[in-house]
Amino acid sequence: MSVGKAIPHESAEGHVTGGALYTDDLVTRYPGCLHAWPVQVLHARATVDAMRVEPALAVPGVVTVLTAADVIGENNTGVARRDEVLFDTEVHYWGQAVAWVLGETEEAAKMGALAVELDVTPGDAILGIEAAIAAESFHTEPGQIARGDVAAAMKAAPRTLSGELFVGGQEHFYLETHAAIASVDEAGSVLVQSSTQHPTETQEIVARVLARPKNQVVVQSLRMGGAFGGKEVQANPIAAVAALGCVKTSRPVRVRLDRARDFAISGKRHPFLGRYEIGFDDTGRVLAFDLELWSDGGYSLDLSAPVFHRALFHADNAYHLRDVRVRGRVCKTNACSHTAFRGFGGPQGMVMIEDALDAVARALRVPPHVVRARNFYQPGDTTHYEQEVSQADRITRIWDDLKRSSEFDARWAEVARFNEAHPNEKRGLAITPVKFGISFTAKHFNQAGALVLVYKDGSVQVNHGGTEMGQGLHTKMQQVAAQALGVPLERVRVMPTRTDKVPNTSATAASSGSDLNGAAIQAACETIAERLREVAGRMLAIDPGELEIADGVVARADGQGEALPFAEVVERAYLDRVQLSATGFYRTPRIHFDEAAGRGRPFHYFAYGAAACEVEVDRFTGMYAIRRVDILHDVGDSLSPLVDLGQVEGGFMQGVGWLTQEELWWAPDGRLGTVNASTYKLPTVGELPEELHVRLLPKATEPGVVYGSKAVGEPPFMLAISVREALRQAVSAFGEAPSSVPLASPATAEQVFWAIERVTGAEERRAAE
Amino acid sequence: MASELRFTLNGAPVSADGADPNTTLLGWLRARGLTGSKEGCAEGECGACAVLFVREGPDGQTRYTPVNGCLVLLGACAGQEVLTVEGLADGELHPVQRAMVELGGSQCGYCTPGFVVSLFAEYYRRGRAEEGFDLESIAGNLCRCTGYRPIRDAGRGLPMVDDADPRRARLGAPAPAVEAFTLEGATEGGRRFFRPATLAEATAIYARHPDARLVCGGTDLVVEINQRLSRFETILSLEGVAELRAFDDAEDALTIGAAVPLSEIEERLDGALPILEELLPLFSSRLIRNRATLGGNLATASPIGDSPPVLLALDAEVIAVSAEGERSIPIDALFTGYRQTSLRPGELIARVRIPKPFPTVGRFFKVSKRVHDDISCVAAGFALSIEDGVVQRARLAYGGVAATPARAKAAEAALEGKPWSRAAVDEAKAQLAGAFTPMTDQRGSAAYRAAMVPSLLEKLWAETEAR
Ligand SMILES: Cc1cc2nc3c(=O)[nH]c(=O)nc-3n(C[C@H](O)[C@H](O)[C@H](O)COP(=O)(O)OP(=O)(O)OC[C@H]3O[C@@H](n4cnc5c(N)ncnc54)[C@H](O)[C@@H]3O)c2cc1C
Ligand code: FES
Ligand code: FES
């Protein structure tokens, strides 16, 4: 069996030796390559009245300055809408690039960029969600999903409360910043090496700015040093600049943003503002939930609409809400264009209901986990958009199992004892569930193609449309192909992703990479295996239906009779003029959604999980430590357990960063003040809890998905909500059973400190003084 | 004109003749096609660029010292022996590489070369056999994918070093010395790099080139090169100056040379001065501490530097030297304004003298978003000399609450001569209210910083009272 085996990442040896190449590592393989550096405007809103490039051209080593005049085709890289001018005279956010300097060296390009002179007139910027609401600056019309009569249910509810929560954005901080290298071949067609999650779209945008048909542009995504959604559309303008520079100069051109420029220019996870009212009974059963959301989309639409929709879809998390209304709009502001990021709006939606349920529990003086469990979906329940919650029983199954394995109840009592004895340090324990819908909500993206090539020696090349960004997709695809063809893993090589192998692919996103591409590869391999069984059947003079190919051997399924090596059958097939390559194609069945009605079946299935977390908080500073985390997560029948474990743990820790210390700080003039690792703090190994127990849910076959597996990229991210809720629990212990524990997000030490001040009344005392 | 720059790279001699002295080792490696070392931040925070120097440690033994390649100037490599990730596998994977592969320690792999380098140094660390794996060894490496658990497990599971290991054999022979080196007339503009070996030479060069920028570890200066795109015509490196690398624990004072790397101070202190030992592990990461120095930290004079509050609390003296001679500056008189010091032109910091006896209570508190490898929002150094329950001398020094690191003198006075008691703490807190007017920035709001000033004293009280 290749599938289901715990194996290291297929490039692991390349990673540890430094031999694995990333886009920017290829630069010395392009002799004569030019280097690009952006000319940035340091205003959040401005008009460029004049630009003088001559001083830059005088800098030794500067070759040229790319401006709007060099754009052959359309000067616009917008995807959802034509709202991203590549070389613009209007400045929409602080640090926007308005021209690019090309130099013989990176140093020359940098010095050239500093030398370009700009006359700019600053304008009034709209900064943040509240300002956008006040100015009625929106990208989208109001959208909503509703069921029942929320107003009537709210009125009838024995108790109600309302709340407001702003959740900050998040920088992707893929370790590899945006990069592209463009070159032209002897026929003049363009090859772009791009660190992109969506080679097809990058190809489309490059073709657009060059005014060329797509068949004149090839995009290759070798592998990415992390992406997390940040390279789903935002790799496109980078590639476009490289391609334009290359066509203009007839030399290869490399564009690579350093961290500070990547931070300033590229978009982030959307900040969200939520205001809710929740109606409930005395047992904590939710009777009505009315949520209004606003997201900060930044200056252009980008993926903000589907991100917003996913927030609406996930405002229920794992809870059955009968009378419910979730609605809102995407704000248009003078910030970089916020974009896809692991979870794609789902986390922002889910954190709202978790915030509300904690408030309900505190109002009732019931432990929050009791209120959560009381509202879980049960088999047969439908979501607020009326999709049946398949395998809803897993929510309770996971919850009960995790509570047992984490010794939750005993520790709850232990934490109370600790808090009793320690006035200045308090601990908090919380458990939260995750339910996450799998599929692109844009239906047409739910398709994939593959091209499988078997060579005469029996070795195999697999091409598929998915990109490798560290999530282990190629590892899984190698396992799927080996399994479906019946050859040992070593015989299968997964090729770099290129638009000239598989056309019209979807972004590798929405956690769906292995579901879609795996199914396409499986189909292609099965076509070839079928042909080979027929060949072997003729060789052995038996019915091909009785034959099985496994571990590189073709033999009868019952093990009886002669066995043929795979390579021998392949050789025979070649001589018999049987085709040894095949394409495969897959489209996700039975999904649909009517946006106007807010009804449908947008998701193929749901992924589930839960996490229990314990923290300890210091009263004097608000600083805290995560003491222990237990996770149980549903990945179906794992295709590759080591990869899946890595996704669960890594996703969780990334979520921890989002909710705790990763604070994006914009200065009052719209400048992003956190533009590098010295000011923007990702978790380090120091934040990894000493005790971290992660298990994958056993016996979890998902019917209708490749080898019974489930998507795993995004869902574990939201397990981190348990950390935020544990912090609130700890903060509450500083007060006398406070009736609510507001906590800003991210919950930096400062914010935890203020939350403590609130529950202890110190804040009021301070204000009174 | 000396324009030769030679060193040993992965066992082979290389030359970087004629390089601009503003070039970093990482930039040079990558431009040469040695792309295993990655650039994740170019400011010493992510460790993706980590490389190894073969250096002599304070114990006199040769060791592998991991540093941030993005913050090492090429001139610092002259005559040195450097290893990069490409040079670690010897035909087959090195044990640290194997551990990373087998445990799933890499996902996207971009951070991996840096982790492998950090783990490699830890693998050969002599103390590992008794002390076990030191988590600090990887605290200066960021990974966005794995969440660190498999990397931590890889570190913890590392086997002991094999006797026949050729990499260990290298540690049996002396490391290259940091010798005098000059790079002049290298570039068209004639940019220069000096690395003298004696203090006399250093001050003479400084007198000759008063506009030279001093550099020691480079952990501030090279950030300026990378992030602010500053380019320096003349760079004077102090890291080879023998006198500045002295460490002297005498009867009346502890004296630390300005160019002693912080990790060396950590090792040499060995329990002598708890307040400093509390500070050092919280000061950035091991990778940075392997290069960063006290001289650099003081001369940078950042209001959020970590050593100033501690040295203020300890009444340290700074010994400044120029071609004219030596003088002592009380640390309290060193910081004159935002990132400004009372050092005169041509003067450099030679050493820091901490008088004895040390205070009976010394604590360092650092408030930051992240416990490890973060820069302070607020830092405090508290030192009390308590005799028979009475505070004889009190020093309350803060960073992050004013344009310079500063003492709260009125609050100190409120404590002195009083029993260390609730009442005295309350009086001191009354004096602290409004003592500083901090600013809001990305590390914290003015209100939070202001709140931390009394709160950290309260923390000191709670923690000393508990003991
Ligand atoms: C990732 C990272 C994390 C950091 N974390 C911290 C932290 O937690 N706490 C903290 O306080 N700092 C921190 N710093 C800042 C820096 O590491 C320290 O200030 C360090 O002590 C500087 O020492 P250096 O030898 O590297 O200085 P260099 O960069 O070599 O020099 C710094 C400045 O001092 C001058 N200088 C150097 N030596 C002398 C001398 N002997 N006499 C006169 N002038 C001199 C130089 O001209 C330069 O202006 C961090 C830096 C980085 C890159
Ligand atoms: S590149 Fe990040 S530490 Fe050097
Ligand atoms: S494996 Fe991707 S950053 Fe560490």
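Trainee: What makes the pair formed by ligand 1 and the side chain of T219(B) a polar contact?

Mentor: In this predicted model, an oxygen atom of ligand 1 sits 2.6 Å from an N or O atom in the T219(B) side chain. The cut-off for a pair of N or O atoms is 3.5 Å, so this pair counts as a polar contact.

Trainee: Which polar backbone atom lies 2.8 Å from a nitrogen atom of ligand 1?

Mentor: That one belongs to I349(B). There is also K366(B), where a polar side-chain atom lies 3.0 Å from an oxygen atom of the ligand. The protein covers 94% of the 970 Å² of accessible area that ligand 1 has on its own.

Trainee: How many residues surround ligand 1, and which are the closest?

Mentor: There are 34, the closest being L214(B), C216(B), T219(B), D220(B) and T293(B). By type, the shell splits into 16 nonpolar, 11 polar and seven charged residues.

Trainee: Which element of chain B gives the most to that shell?

Mentor: Helix 12, with five residues. Strand 8 (213–215), helix 8 (221–227) and strand 16 (348–355) are also among the chain B elements that each supply at least two.

Trainee: Over to chain A. Why is S638(A) called buried?

Mentor: Its relative accessible area is 16%, and buried means under 20%, so S638(A) falls on the buried side. This serine is in the loop between strand 28 (624–633) and helix 17 (641–659) of chain A.

Trainee: What does S638(A) contact, leaving aside its neighbours within four places in sequence?

Mentor: G4(A), D644(A) and L696(A). Closer along the chain, the S638(A) side chain reaches the backbone nitrogen of S640(A) at 3.2 Å. That is within 3.5 Å, so the pair passes as a polar contact.

Trainee: Is G559(A) buried or exposed, and how do you know?

Mentor: G559(A) has 55% relative accessibility, and exposed means over 50%, so G559(A) counts as exposed. You'll find this glycine in the loop between strand 22 (553–556) and strand 23 (564–565) of chain A. For a sense of distance, G559(A) and V629(A) are 70 residues apart in sequence and 47 Å apart in space, C-alpha to C-alpha.

Trainee: What makes chain A as compact as a globular protein of that length?

Mentor: Let's start with the make-up: chain A has 20 helices and 29 strands. Its radius of gyration is 27 Å, and the globule rule gives 27 Å for 769 residues, so chain A is as compact as a globular protein of that length. The C-alpha atoms fill a box of roughly 85 × 80 × 50 Å along the principal axes.

Trainee: What share of the chain A residues is buried?

Mentor: Buried residues make up 66% of the 769. The accessible surface of chain A comes to about 25100 Å², with 50% of that belonging to carbon and sulfur atoms. As for contacts between residues at least 6 apart in sequence, 80% join residues at least 24 apart.

Trainee: Last one: why call helix 5 (residues 149–156) of chain B mostly covered?

Mentor: Count residues: six of its eight are buried, and buried means under 20% relative accessible area. The buried ones are R149(B), P150(B), I151(B), R152(B), A154(B) and G155(B).

Trainee: And what covers the buried residues of that helix?

Mentor: Both chains take part: the cover includes helix 17 and strand 29 (691–696) of chain A, together with helix 2 (95–102) and helix 3 (112–123) of chain B.

Conventions: Residues numbered from 1 in each chain as written. Chains lettered and ligands numbered in written order. Heavy atoms only, no water. Near = heavy atom within 4 Å. Polar contact = N/O pair within 3.5 Å; in protein donor to acceptor, adjacent residues only side chain to side chain. Areas by Shrake-Rupley, 256 points an atom, 1.4 Å probe, with all protein chains shown as cover. Helix = DSSP H or I, 4+ residues; strand = E, 2+ residues; numbered from the N terminus. Nonpolar A, V, L, I, M, F, W, Y, C, P; charged D, E, K, R; others polar. Buried < 20%, exposed > 50% of the residue type's maximum accessible area, 1.4 Å probe, protein only. Contact = heavy atoms within 4.5 Å. Rg over C-alpha atoms; globule rule 2.2 N^0.38 Å.
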